[in-house]
Amino acid sequence: MASASSTKPVCIACGKATGTFTCRGCGEDFCLPHTAEHRQILNKKLEEELILRHDQLNQDIEDQMK
């Protein structure tokens, strides 16, 4: 009799196997509290990237106007 070995995904941050969610972006599994933390980290990175690109675009516009 073959047994199907199904392992539950565990949170990458704390190792808990209950109530995990998989991030579609990075493919890692997180429990609910760490999902919220992961989302905050991603939002901060996105905000930083948008600010950087905005500043670069403004600099390009200023350079072209000179």
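**Close-up views of a predicted model**

**Figure 1. H38, a histidine counted as buried within helix α1.** H38 has a relative accessibility of 15% and is buried, because buried means a value under 20%. The model shown here and in the views that follow is predicted. H38 belongs to helix α1, which covers residues 32–65. When residues up to four places away in sequence are set aside, H38 touches two cysteines, C23 and C26, together with F30. The view therefore centres on a residue that falls below the 20% limit, with C23, C26 and F30 displayed as its contacts from beyond the sequence neighbourhood.

**Figure 2. H34, a second buried histidine of helix α1.** H34 is also placed in helix α1. Its relative accessibility is 19%, and H34 therefore counts as buried under the 20% limit. Apart from neighbours within four places in sequence, the residues in contact with H34 are C11, A13 and C14. For H38, by comparison, the corresponding list consists of C23, C26 and F30. Both histidines lie in helix α1, and each is classed as buried. Across the whole chain of 66 residues, 12% of the residues count as buried.

**Figure 3. F21 of strand β1 and its contacts.** F21 lies in strand β1, which spans 21–22. With a relative accessible area of 43%, F21 is partly exposed. Which residues does F21 contact once its neighbours within four places in sequence are left aside? They are E28, D29, F30, L32 and T35. F30 also appears among the contacts of H38. In this way F30 is touched by a residue of strand β1 and by a residue of helix α1. From F21 to I51, 30 residues away in sequence, the C-alpha to C-alpha separation is 29 Å.

**Figure 4. T18 and D29, a pair on the N-terminal side of helix α1.** T18 is located in the segment before β1. A relative accessible area of 59% makes T18 exposed. Eleven residues along the chain separate T18 from D29, and their C-alpha atoms are 11 Å apart. D29 is one of the residues in contact with F21.

**Figure 5. The salt bridge between E49 and R53.** Side chains of opposite charge can pair when their charged atoms come close. The side chains of E49 and R53 form a salt bridge with an N to O distance of 2.7 Å. That distance meets the criterion, because the nitrogen has to lie within 4 Å of a carboxyl oxygen. The two residues are four positions apart in helix α1 and are therefore separated by about one helical turn. E49 is partly exposed, at a relative accessible area of 34%, whereas R53 is exposed, at 53%. How many salt bridges does the count come to? The count is one. Over the chain, the 8 positive and 10 negative charges have mean positions that are 11 Å apart.

**Figure 6. Q59 of helix α1 in relation to C26.** Q59 is found in helix α1. Its relative accessible area of 39% places Q59 in the partly exposed class. Q59 and C26 are 33 residues apart in sequence, and the distance between their C-alpha atoms is 32 Å. C26 is also one of the residues that H38 touches.

**Figure 7. K66, in the segment after helix α1.** K66 sits in the segment that follows α1. K66 is exposed, with a relative accessible area of 80%. Between K66 and F21, 45 residues apart in sequence, the C-alpha to C-alpha distance is 51 Å.

**Figure 8. The chain as the setting for the preceding views.** The chain contains one helix and two strands, arranged along the sequence in the pattern β-β-α. Its radius of gyration is 20 Å, well over the 11 Å that the globule rule gives for 66 residues, so the chain is more spread out than a compact globule. Along the principal axes, the C-alpha atoms fill a box of roughly 75 × 25 × 10 Å. Among contacts between residues at least 6 apart in sequence, 0% join residues at least 24 apart. The exposed area of the chain is about 6000 Å², of which carbon and sulfur atoms supply 56%.

Notes
Residues are numbered from 1 along each chain as its sequence is written. This is a predicted model: local features need pLDDT of at least 70, side-chain atom pairs count only at pLDDT 80 or more; totals for chains, interfaces and linings use all residues. Side-chain values use heavy atoms; hydrogens and water are left out. The radius of gyration is taken over C-alpha atoms; the globule rule is 2.2 Å times the number of residues to the power 0.38. Buried means under 20% relative accessible area, exposed over 50%, partly exposed in between (1.4 Å probe, protein chains only). Contact means heavy atoms within 4.5 Å. Accessible areas come from the Shrake-Rupley method with a 1.4 Å probe; for residues, only the protein chains shown count as cover. Lys and Arg count as positive and Asp and Glu as negative; His and the chain ends are not counted. The place of a charge is taken as NZ of Lys, CZ of Arg, CG of Asp or CD of Glu.
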